[in-house]
Amino acid sequence: MQATSGPFAHSANRDGQRHPLLDHLLATGELAAQFGSAFNLTDHCQLAGLWHDIGKAAPAFQAYLDGCEAG
């Protein structure tokens, strides 16, 4: 699944593309699960990856990203 709208994890890159928060959390969860599998902690690590930046969904952080892009 790939998100097409906010909230966002990061401000726009050089190409003007924003990184949707959902995409960021899902990708991080998958990567964390891969690392966790070596310790038989796949599910725990996937959850940690999914939740690690959930605070970025807060309106204040989204306003901060908008401000960064505005200069």
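Which glycine follows H3, and what is the sign of its phi? Glycine 71 follows H3, and its phi is positive, near 100 degrees.

The model is predicted, with local features requiring pLDDT of at least 70 and side-chain atom pairs pLDDT 80 or more, while totals for chains, interfaces and linings use all residues. Residues are numbered from 1 along each chain as its sequence is written, and side-chain values use heavy atoms, without hydrogens and water.

**View 1. Helix H3 and its end.** H3 covers residues 59-70; helices are DSSP runs of H or I with at least four residues, strands are runs of E with at least two, and both are numbered from the N terminus. The end C-alpha atoms of H3 lie 16 Å apart, which agrees with the 16 Å expected for 12 residues at 1.5 Å a residue (1.5 Å times one less than the number of residues).

**View 2. The aromatic pair in H3.** The count of aromatic pairs is one (ring centres of Phe, Tyr or the six-membered ring of Trp within 6.5 Å; planes under 30 degrees apart are stacked, over 60 edge-to-face, the rest tilted). Phenylalanine 61 and tyrosine 64 form this tilted pair, at 5.7 Å centre to centre and 40 degrees between the planes. The two residues are three apart in helix H3, so about one helical turn separates them. Phenylalanine 61 is partly exposed at 24% relative accessible area, whereas tyrosine 64 is exposed at 51% (buried is under 20%, exposed over 50%, partly exposed in between; 1.4 Å probe, protein chains only).

**View 3. Leucine 47 in helix H2.** Leucine 47 belongs to helix H2, residues 42-51. Its relative accessibility is 47%, so leucine 47 counts as partly exposed.
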